Amino acid sequence: MSKSVFFVTCPKGVEYLLADELSTFGLDPVRNAPAGVWVEGSLEAGYRACLWSRLANRLILHIDEVDANSGDQLYDGVVHMDWQQHIPVHGSFRVTFLGQNEAIRNTQYGAQRVKDGIVDRFQANGGPRPSVDAKNPDVIVSARLNRGRLSLGIDLSGHSLHMRGYRTDKGIAPLKENLAAALLMRAGWPEIAAAGGDFVDPMCGSGTLVIEAAMMALDMAPGRKQERFGFEKWPGHQPELWLSLRQEAERRAHEGKQGRIPRLAGFDQDSRVIATAWKNIQRAGLESIVHVEARRSTLWIWRVTGPIRGWC
Ligand SMILES: C[S@@+](CC[C@H](N)C(=O)[O-])C[C@H]1O[C@@H](n2cnc3c(N)ncnc32)[C@H](O)[C@@H]1O
């Protein structure tokens, strides 16, 4: 299978963890960037990252880079690219544009010029052209401007992968799912779970940490509850390959429940937020695995002279 280049975005500070995680899917590092990692690998590895990455936000398939020192230069680069490979002629697309420079001072203008270049390319071919759909497009074109260069790609994830589909209700100040996963990885939770350890979050709020901990310990793919990804109507999509990866994820989730299951518990003093956590646990399919309870916890803070007992 031929190799492609991907730009995978993540929260700032998570780049090194993400690079390690992506290498387990077969995506080799090219370079790290602020809030993202450039990698290369097969489409299968890209699909695997969409389904299994606990740390990524978005996975962009890199297509090309063009000069963009002015709006016209940007347009000229875009209009000469082969968009039929990436956007269905009878389908729809949207452009997300990030960055600005002296000539392209706002993202709306940048997105407009990219869109014009794409549409004109189809019209120059003499055939039908895709429509623009800002809300529910078939394909999302990602455009990232860095000084005088514009990087263009297809957003294969289609949504931020931190949204796993289980957390529609939140408490106060909820942790993003991929940040919770990063914390757990930095704390060595996967190794602790494999060595027979248990997990408790004494101030669990809507349950993000304990749910992410459970999904890691039980080998559950974080994207397995997602109904839609950005590649499904992309002309390069390989449905059979994707189906086989989804089936593999279901099998692993089933097998994960057959082995040793750690004790996983979350407590919170607020019974309303515990009700929210419980709904999230049910949506994640973890009701027989994770225990939550309304309970106030005592917080111990250690300082040089000794412990201070207090309430959070
Ligand atoms: C920042 S929120 C936790 C958010 C959580 N990580 C999430 O993603 O939803 C802090 C939680 O701690 C709880 N809390 C504060 N003091 C507590 C205590 N002494 N015992 C139990 N829960 C406490 C609050 O009710 C609140 O839900």
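Is C204 buried or exposed? In this predicted model, C204 is buried, and its relative accessible area is 6%. Another cysteine, C10, also counts as buried, at 3% relative accessibility. A disulfide is a covalent bond between the sulfur atoms of two cysteines. The structure holds zero disulfides, and for C10 the reason can be read from the distances: the closest cysteine sulfur belongs to C50 and is 15 Å away from the sulfur of C10, which is too far for a bond.

From the cysteines we can turn to the sheets, beginning with the one built from eight strands. This sheet is open, its pairing is mixed, and its strands follow one another in the order β2-β3-β1-β4-β8-β7-β5-β6. At its edges stand β2, residues 28-33, and β6, residues 131-132, each of which pairs on one side only. The edge strand β2 is joined to β3 by five bridges in the antiparallel sense, and one of the residue pairs along the way sets D28 against E40, its bridge partner in β3. The two strands form a hairpin with two residues between them, and in that hairpin A35 takes a positive phi near 60°.

Elsewhere in the eight-stranded sheet, the strands β5, residues 92-98, and β7, residues 139-146, run parallel and are joined by six bridges. Within this pairing, V95 of β5 has V141 of β7 standing opposite. Helix α3, which covers residues 71-79, packs on this sheet, where it touches β4, β5 and β8 (149-155), and its direction makes about 120° with that of β4. Helix α2, residues 43-52, lies across β1 (4-9), β3 (36-41) and β4 (59-67), and it runs at about 120° to β4.

Helix α3 also meets another helix, α4, which spans residues 107-124; the axes of the two come within 8 Å and cross at roughly 35°. The crossing in which α3 passes α4 is right-handed. On the α3 side the contact is made by G71, D72, L74, Y75, V78 and V79, while α4 contributes Y109, G110, R113, V114, D116, G117, I118, D120 and R121. Sorted by class, the residues of this contact are seven nonpolar, three polar and five charged. A general point about helices helps in reading such a list: an α-helix has 3.6 residues a turn, so residues three or four places apart point the same way.

Further along the chain there is a sheet of three strands, open like the one above, with parallel pairing and the order β9-β10-β11. Because β9 (199-201) and β11 (290-294) each have a single partner strand, they stand at the edges, and one side of each is left without a neighbour in the sheet. On average, and with direction ignored, neighbouring strands of this sheet are turned by 15° against each other.

The strand β10, residues 264-268, is joined to β11 by five bridges, the two running parallel. Among the bridge partners here, L264 is matched with V290 of β11, and D268 with A294 of β11. Helix α9, residues 271-283, packs on this sheet as well, touching β10 and β11, and its direction makes about 165° with that of β11. Three bridges join β9 to β10, and these strands too run parallel, with D201 standing opposite G266 in β10.

How many of the five residues of β10 are buried? Five of the five are buried, and the strand is mostly covered. In a regular strand the side chains alternate between the two faces of the sheet. In β10, L264, G266 and D268 point one way, A265 and F267 point the other way, and all are buried.

The last element to visit is helix α7, residues 208-217, which is largely enclosed by the rest of the structure because nine of its ten residues are buried. The buried residues are T208, L209, V210, I211, E212, A213, A214, M215 and M216. They pack against α5 (177-186), α6 (189-194) and α9, and also against the strands β9, β10 and β11, which are the strands of the parallel sheet described above. Just after α7, D219 takes a positive phi of about 60°.

Conventions:
Residues numbered from 1 in each chain as written. Predicted model: local features only at pLDDT ≥ 70, side-chain atom pairs only at ≥ 80, totals over all residues. Heavy atoms only, no water. Pairing = 2+ DSSP bridges. Helix = DSSP H or I, 4+ residues; strand = E, 2+ residues; numbered from the N terminus. Contact = heavy atoms within 4.5 Å. Axes fitted to C-alpha atoms, helices over the stretch in contact; angles between N-to-C directions. Disulfide = S-S within 2.5 Å. Buried < 20%, exposed > 50% of the residue type's maximum accessible area, 1.4 Å probe, protein only. Left-handed = near helix turned anticlockwise from the far one by under 90°. Nonpolar A, V, L, I, M, F, W, Y, C, P; charged D, E, K, R; others polar.
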